[in-house]
Amino acid sequence: MKNIVLGNEAIAQGAIDAGISGVYAYPGTPSTEITEYIQKSELAKELEIKSNWCANEKTAMEAALGMSYAGKRALTVMKHVGLNVAMDVFMNMAVSGVNGGLVVVVADDPSMHSSQNEQDSRVLAKFAQIPFLEPSCQQEAYDIVRYAFDLSEKLELPVLVRMVTRLSHSRSSIAFKHRRRQNKLNVTVDTKRFSLVPLHSKPMYQKLLSLQDQITHISEESEFTKLTKRKNTKLGIVACGIAYNYLMENYPDGCPYSVLKLCHYPIPREEVQWLMDNCEQILVLEDGYPFIEEQINDFFRRVERVIGRFTGHLPRSGELNPNLVAKALGIEENINETIPELVKGRPPQLCDGCGHIDMYHELNELKKEIGGNKIFGDIGCYALGSLDPFNTIDTLIDMGASITMAKGAADAGVFPSIAVIGDSTFTHSGMTGLLDCIWEKSPVTIIIADNSTVAMTGAQDSAALGKLKDICLGLGVEEDHLRVITPLKRNFDNNVNVLREETSYRGVSVIISQRPCVRLPGEKKKYAKMINEAMAHEN
Amino acid sequence: MNINIILAGVGGQGILTIAATLDTAALKSDLWFKQSEVHGMSQRGGAVVSHVRISDNEIYSDLIPMGKADMILSVEPMELMRYMPYLKENGWLITDSHAYENIPDYPDKTKLLETIEAHANNFVIDATSIAKKMGTAKMANIVLLGIASNLIDIEEQVFIESIEELFAHKPEKIQKGNVKAFLKGREMGVVVG
């Protein structure tokens, strides 16, 4: 039987069928639907697979490692920039190794459809010296995630599976296979390898290095590495992951050149060697950085024969598509039309009735008095406050940076120094920054834009719900400088006054600007309002 | 059977419902399909697009190459024009004439419709008003799908079953309303030839 799934859902079902006991993740486009699928799956419920959201990607990956330590299979999922948050555990679990299979799925966003950058996670898998796989289609996504769990247990290493936006968010029909049982609890693992004091980490690191030849050999033998040999020796093509589709799209009757379909890393040297020995030029097609191109260059030291993103045959940045690949192959295209001039851009915008709109009108009123370049923003729907028609926030770098950048700027003499951060972003990685501010009594005002949900990724539950006041007081915010306002038109004057008062205080102040997201389903909105009111009455 | 369709519109206008109907109909007809869509921030009132490819042969690319779309089906007239480079020679343009104006510099509507109608194969219709008369403007997307279905080699009954399936969890009135909206669009048709 065939099933209609998104690339992300293929990953999720593959993980369920591989016998995972838990998925650990923080939402982030384009990765979110993987965890959501498992949360909604009746089968996963029946199997008691853990699937609650985590506070951030680091806590998620560590929990996955804990489950693996106990012998069970665990999946951890994030977007590319989320892997930065989890880098500490990511690098070190490559040294400790794993017990139960552990697969890290990272969804990259080449072309930055919904992200601050287009970093390529394959580079980080290489950095950690672990294998990775990169599916080209939905069926392969399903098959690869199952295979990755087996490989992880075989090597006792974490394995990374790299997705890209196009595959994550594309549907097709695939076949599911038999389901493997979950692993039993097994706490007999050698604890030395999970205790990375130098005495243990040195031999463990040597072990990781000694595995490198074996993992390269596995790539060479893998069912996901396919070398198709052709007699035409003019060109050889290395097509990685989804780029393989764009190549084949251009040759409906079959590609006339030898093609290495490369979905398994480290680079299978034997196959690449064959291409180098038999083809005049090698074209490398890959979504993301010129990662494989660079390594083939390094390995063979014959730069002029390897072409791709570095040599200008393909653009240096942005995702690939069939037309760009056609151009690199010298295939003539047949594009008849252009976009008429009257078509205007239609960027995303805050929803009608969104509380952030009122909050930004209030802040803009304050801005008339305090001047520009003093409001530090963060990641979420409210990031749209950096664009027209608001132009309220002045920075947007990474999760949690609003608070800590405001502190640093305050240290440098900026006053008032204001941070705007969402409720979920605050619990993701804002709390520690607030503690820094309190420690030093920094003159900052932190506005928590609390809409009771993780709105931008589709209204997932927020760990902050009902806890913000307690968290702030617990961290040491003074009660007199912890204010709660409701961003509504009728409260405009009052709210601007609160902003004025708190931004003139030369210490830490927190203003919780609280109104549930307009996109929350009715029941959840009611619940959030009830929790918020209960919180207000505690005072 | 081999068709490439670009679906265009603004986040929240029901493009993904059209896409899901086509996916389901393709699966029921035992055809290959790939359908890419947009998630995340763009869904907040921004331009959204979905590439739908259906074939009786294996499909590689999730994206339709520029110059290879048989049809652009849009629930908003300006959004239709955004994807013109994808249209193949003599491809079809089908769109709702009802503009969604949430930007300050929305183009002159008369000029916009003139530009579309200057194209050989076009079908511009006020699907929003038709849907409104049938119960709710929200069904404009399904009216448009009905019109486009005349150009897609899938049986009418399969489309109907797919719509019924997709709206199975909704009240019966909505399910039936959408089937009617589809048939209304289908009978208005596209004259091929």
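1. Let me start with A:Phe390, which counts as buried because its relative accessibility is 11%, below the 20% cut-off. Please keep in mind that this is a predicted model.

2. The ring partner of A:Phe390 is A:Tyr360, and the two form a tilted aromatic pair, with 5.6 Å from centre to centre and 40 degrees between the planes. A:Tyr360 is buried too, since its relative accessibility is 0%.

3. You may like where these two rings come from: the pair links distant parts of chain A, 30 residues apart. A:Tyr360 belongs to helix H16 (residues 355-370), while A:Phe390 lies in the loop between strand E14 (375-376) and helix H17 (401-412).

4. Chain B has a tilted pair as well: the centres of the B:Phe159 and B:Phe182 rings are 5.3 Å apart, with the planes at 35 degrees. This pair also links distant parts of its chain, joining helix H6 (residues 156-166), home of B:Phe159, to helix H7 (residues 172-188), home of B:Phe182, across 23 residues. Both B:Phe159 and B:Phe182 are buried.

5. For the wider picture, a search of the whole structure gives ten aromatic pairs over all chains. Back in chain A, ring pairs also join A:Phe132, A:Tyr265 and A:Phe291 into a cluster.

6. Finally, two lysines are worth a look. A:Lys2 lies over the face of B:Trp32, 5.9 Å from the ring centre, so this contact is within the 6 Å limit for a charge over a ring. Within chain A, the charged end of A:Lys261 sits over the ring of A:Tyr244, at 5.2 Å from its centre.

Methods:
Residues are numbered from 1 along each chain as its sequence is written. Chains are lettered from A and ligands numbered from 1 in the order in which they are written. This is a predicted model: local features need pLDDT of at least 70, side-chain atom pairs count only at pLDDT 80 or more; totals for chains, interfaces and linings use all residues. Side-chain values use heavy atoms; hydrogens and water are left out. Rings of Phe, Tyr and Trp (its six-membered ring) pair if their centres lie within 6.5 Å; planes under 30 degrees apart count as stacked, over 60 as edge-to-face and the rest as tilted. Helices (H or I, at least four residues) and strands (E, at least two) are DSSP runs, numbered from the N terminus. Buried means under 20% relative accessible area, exposed over 50%, partly exposed in between (1.4 Å probe, protein chains only). A charge sits over a ring if NZ of Lys or CZ of Arg is within 6 Å of the ring centre and within 35 degrees of the ring normal.
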